[in-house]
Amino acid sequence: MLKQYKYWVIWAGVLCWLIIIGLTFWWFEFRINRQVDSTQEAVFDSRIYSHNALSRGVKSDGTTVIHYFDISCPCTRFNTPHVRDLIERYSAQGVNFLIRAADVPSLRQANRLFGDQTVRLARENEAPAASPSAIVITGGEVNYIGPYSPEAVCSTAAGDFVGLVLDDLLANKPFKQPTNLAMGCFCEWPSSS
């Protein structure tokens, strides 16, 4: 009788372990991966924004990168370290960075993550089609609008679009890409701020 009891206890323990592993996998797969795996196309077109909306807060001289930050977008976690690296690398070379947040919780988180950069709420008419994304402006003209890299995970190894644009502009090479059709990890920008 005792031997049979031990047998059932072992099988019950294995069954509980399998259920816990299954629930953990389900939680990860459907809470995080489901949203991130929804790779989609996004159209970035600077012509649909008013010049004043894009240039608000942008210095007339020098180059400015505007980063659009939405904490509710799971894709944001992939590019935040990359954006912080860009700020560290290019601020010393005179590039200005502005962070435009989707809502108040995003604003608070952006202030914690990006420190003394200019962080404020984005208005509806100045936000891109998707987050995360960036706009590079020099002298009031849009040089680039679109994603940071062609993949979900942003890094210099993945193809650093914004870094390449900044390198060209700092070397006085002209660069103009005011429209962009990109496929990657994007979330629709909230319709109201």
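A salt bridge here is a side-chain nitrogen of Lys or Arg within 4 Å of a carboxyl oxygen of Asp or Glu. By that yardstick, the structure holds one salt bridge. The partners are D85 and R89, whose side chains meet at 3.2 Å, N to O. Both sit in helix α3, four residues apart, or about one turn of the helix. Helices (H or I, at least four residues) and strands (E, at least two) are DSSP runs numbered from the N terminus. Neither partner is fully tucked away: D85 is partly exposed at 29% relative accessibility, and R89 is partly exposed at 31%. For these labels, buried means under 20% relative accessible area, exposed means over 50%, and partly exposed is in between (1.4 Å probe, protein chains only).

A word on the model itself. It is predicted, so to speak of a local feature takes a pLDDT of at least 70 and to count a side-chain atom pair takes 80 or more, while totals for chains, interfaces and linings use all residues. Residues are numbered from 1 along each chain as its sequence is written, and side-chain values use heavy atoms, with hydrogens and water left out. The pLDDT score is the predictor's confidence in each residue, from 0 to 100. Its mean over the protein is 76, with 73% of the residues reaching 70 or more. Among the elements, helix α4 (residues 104-114) has the highest mean at 87, and helix α2 (residues 51-55) has the lowest at 58. Over residues 33-37 the score stays under 50, and the model has seven contacts there beyond four places in sequence. Contact means heavy atoms within 4.5 Å. Where pLDDT is low, the predicted coordinates should not be read in detail.

As for the overall layout, the secondary structure comes to five helices and nine strands. From the N terminus on, the order is α-β-α-β-α-β-α-β-β-β-β-α-β-β. Of the 193 residues, 41% are buried. Among contacts between residues at least 6 apart in sequence, 76% join residues at least 24 apart.

Two helices show how the packing goes. In α4, the buried residues are S106, A110 and F114. They cover an arc of only 40° around the axis, which puts them on the same side of α4; the arc is that of the directions from the helix axis to the C-beta atoms. The elements covering these buried residues include β2, α3, β3 and β4 (118-121). On the face turned away from the buried side, α4 carries the exposed residues R108 and R112. Just past the end of α4, G115 takes a positive phi of about 65°.

Helix α5 (residues 161-170) buries V162, G163, V165, L166 and L169. Seen down the axis, these residues fall within an arc of 160°, so they line one face of the helix. They pack against β2 (63-69), α3 (76-90), β6 (133-138) and β7 (141-146). After α5 comes N172, in the loop between α5 and β8 (179-184). Its phi is positive, near 60°, in a residue other than glycine. N172 is exposed, with a relative accessible area of 72%.

D70 is a curious case. It lies in the loop between β2 and α3 and is buried, yet has no salt bridge. The nearest side chain of opposite charge, R108, is 13 Å away, where Lys and Arg count as positive, Asp and Glu count as negative, and His and the chain ends are not counted. What D70 does have is a side-chain polar contact of 2.8 Å with S72. A polar contact is a pair of N or O atoms within 3.5 Å; within protein, one must be able to donate a hydrogen and the other to accept it, and residues adjacent in sequence count only if both atoms are side-chain atoms. Beyond its neighbours within four places in sequence, D70 is in contact with T76, A102, D103, S106, S131, W189 and P190.

Two strand residues round out the picture. F97, in strand β3 (residues 96-101), is buried at 5% relative accessibility. F97 and T63 are 34 residues apart in sequence and 8.7 Å apart in space, C-alpha to C-alpha. T138, in strand β6, is partly exposed at 27% relative accessibility. T138 and V95 are 43 residues apart in sequence, with 9.6 Å between their C-alpha atoms. Leaving aside neighbours within four places in sequence, T138 is in contact with G62, T63, N143 and L169.
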